Amino acid sequence: MNDRPDVLVVGAGFAGMYAVHRFRELGLTVRVLEAGGDVGGTWYWNRYPGSRCDVPSLEYSYGFSPELEREWDWPEVFSSQEDILAYANHVADRFDLRRDMQFDTRIVSVNYQEDEDVWRLTSEAGEVFEAPFCVMATGCLSVPNTPRLPGADAFDGLVLHTGLWPHEPVDLTGKRVGIIGTGSSGVQVIPELARQAGHLCVFQRTPVYTVPANRKAMRADVQQEFRENYRSIREMQQRNMGGVSGYRPLRGARAAPSVPGERASRTGILDLDAEQRRAIIAERGVETLLNFPDVYTDPEANEVANALYRDAVREAVRDPETAQKLMPKDYGLGCKRQVLDRDFFETFNRDDVTLVDLRRTPIETLTSDGVMTSDAHYDLDVLVYATGFDAMTGALMRANVRGRNGQALADKWRYGPVAYLGLQMRGFPNLFTVTGPGSPSVLCNMLVAIEQHVNWIGDCIIWLRETSRTHIEPLADSETEWAAHVNEVAEGTMYTAPSCNSWYLGANIPGKARLFMPYVGGYPRYRERCERETASGYPGFETG
Ligand code: FAD
Ligand code: NAP
């Protein structure tokens, strides 16, 4: 058995990395256990061509160190996976994080030892680790979902998943490539695969709403302006619904909207006539549809926006039949995470790209050399799964967490995750989750959400020490009341519309309980609630 640190952290993505730094600052000893071979989490695993961030890097970056902000240059406004991973490596080197990290160590059980009052973690290789506190920084999108398709084992070609892309370059030149999935990952990788492959076949189940990705090189004066104003920009992030400041470089400070869809004007799409709607799209692009507040709550307004979106697809795609297949019809804008695209629809104008509509012609089986649908066989050398993740709860379930009396988290969460503030579960004392279900998490700039959670957890552990306490877990009432509140604020939004089947709801995984997992009430409101707990001696928790 290894030496016993104060805190064990599982995962070395941005959450686990910051945890090492912060906990050390607080005088705690810490050990991070990571399944991958190095730091970076999401950006270590998702190396597919086209992988990139949809939050500007000057905002999707740590705010805890002004020196770090000053010294790191971002080459682009929205960074590529390579640049974000380079940043993660720089942070790990600069703060000497790796000395408290152990890589290639997948944790397969996390058990509370009530008699000894410790968390005991066991790795796949059988190594045992113990500590009084355990932080699951295991990520919301870290367990790739590979659907079980009939005949999957029969396929002799190369099989890839966007979320587990190989480290060595994959040469697809001249290859017949198939891809399943048209979510954010699929939309990013499809144009890149089309450029590289001999022929690309896209197997689409649900058409996707996308908005154009704004890809620009970073201007030196913009970066400099951010550096000069970073403290107030970080402050603005703290007050914004999604943790993004909305600071407009070269134009001065202006707070971003504080609710999704809100802009300076509160005009709804239903307040405009058909001509005004067309004019505003011609001027500002299809992404402006997301700026009308009624699109998020009023089904009629949403359908008006959807119809306008379909017109845009019709214009972008030359072949009318292909355009029809690419038009979202059965669910609304705003139900899923916004997808950013570059050349996605245009890719279907290429002669070497085929779109297969799985709603009309489902996959019957994989064969040794391709995919058989209900009407044709598609010969393939390579099959790419861009089929997403068992999101938010997947990594926690796979770690086999057991709390007091041997209760499995999988049992506690059988009908969906219940956690107080997305930070702790009753029955699992001294175990914390970072950006867990019930917190703003994936609805927020994740770097902001991560820092807030790690800071809160660190302060909590120190408070326990300073007040000679050893335990903390939520009161049953706090947990239930918070779960009800999380549901209540999500009700009536497009996120939970009956037609919506998103990974936010667990709907992408067969058999998973349908429950809206992140907290939609906004980051500031959530943060204030967490701060109240800290300031008042954790009244929503049982401590001792
Ligand atoms: P992760 O980065 O997922 O790290 C978790 C780590 O835990 C992983 O390295 C994993 O290997 C490890 N782990 C899990 N289980 C175990 C175990 N049992 N034992 C040992 N190790 C384990 N967010 C945004 O805000 N903006 C974006 O633009 C954005 N783009 C994204 C693009 C992609 C392709 C994906 C997949 C996600 C994106 N996200 C984005 C979300 C992204 O996951 C977060 O921004 C952030 O990187 C999460 O950091 P984390 O440390 O919480 O989790
Ligand atoms: P996703 O959004 O869940 O999309 C998965 C895709 O695979 C969907 O098109 C889905 O179709 C399809 N699929 C799943 N199972 C299938 C099956 N059995 N048969 C056919 N099709 C199937 O996953 P993702 O694209 O990896 O994105 C997940 C999240 O990661 C994003 O929402 C975002 O938060 C993050 N991300 C962000 C970026 C970025 O731009 N920064 C890029 C990539 C990922 P259905 O819709 O029919 O289920």
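Reader: What volume does the largest cavity have, and how should I read such a number?

Author: A cavity is a set of points, on a 1 Å grid over the protein atoms alone, where a 1.4 Å probe fits but cannot get out, and its volume is the space filled by probe spheres set on the points, which are joined across faces, edges and corners. In this predicted model, the largest cavity measures about 170 Å³, and its lining (residues with an atom within 4 Å of a point) holds 17 residues, of which G50, R52, Q188, R215 and R342 are the closest to its centre. Helix α5 (a DSSP run of H or I, at least four residues) gives the largest share of that lining, five residues.

Reader: How many cavities of 30 Å³ or more does the whole structure hold?

Author: The search finds three, and the second largest has a volume of about 70 Å³, with α6 (220–239) giving the most to its lining, four residues. Among the residues that line this second cavity are W72, W74, Y87 and R227.

Reader: Which residues come nearest to ligand 2?

Author: Around ligand 2 there are 24 residues (each with a heavy atom within 4 Å), and T182, S185, R205, T206 and W503 come nearest. Helix α5 (residues 184–196) again supplies the largest share, here three residues of the shell.

Reader: Where are the polar contacts?

Author: A polar contact is a pair of N or O atoms within 3.5 Å. An oxygen atom of ligand 2 lies 2.6 Å from a side-chain N or O atom of S185, and a polar side-chain atom of W503 is 2.9 Å from an oxygen atom of the ligand. Taken alone, ligand 2 exposes 900 Å², of which the protein buries 86% (Shrake-Rupley method, 1.4 Å probe).

Reader: Which conventions apply?

Author: Residues are numbered from 1 along each chain as its sequence is written, while chains are lettered from A and ligands numbered from 1 in the order written. Local features need pLDDT of at least 70 and side-chain atom pairs 80 or more, whereas totals for chains, interfaces and linings use all residues, and side-chain values use heavy atoms, without hydrogens and water.

Definitions and conventions. A polar contact is a pair of N or O atoms within 3.5 Å; within protein, one must be able to donate a hydrogen and the other to accept it, and residues adjacent in sequence count only if both atoms are side-chain atoms. Helices (H or I, at least four residues) and strands (E, at least two) are DSSP runs, numbered from the N terminus. On a 1 Å grid over the protein atoms alone, a cavity is a set of points where a 1.4 Å probe fits but cannot get out, and a pocket is an open set with protein on both sides within 12 Å along at least five of seven lines; lining residues have an atom within 4 Å of a point.
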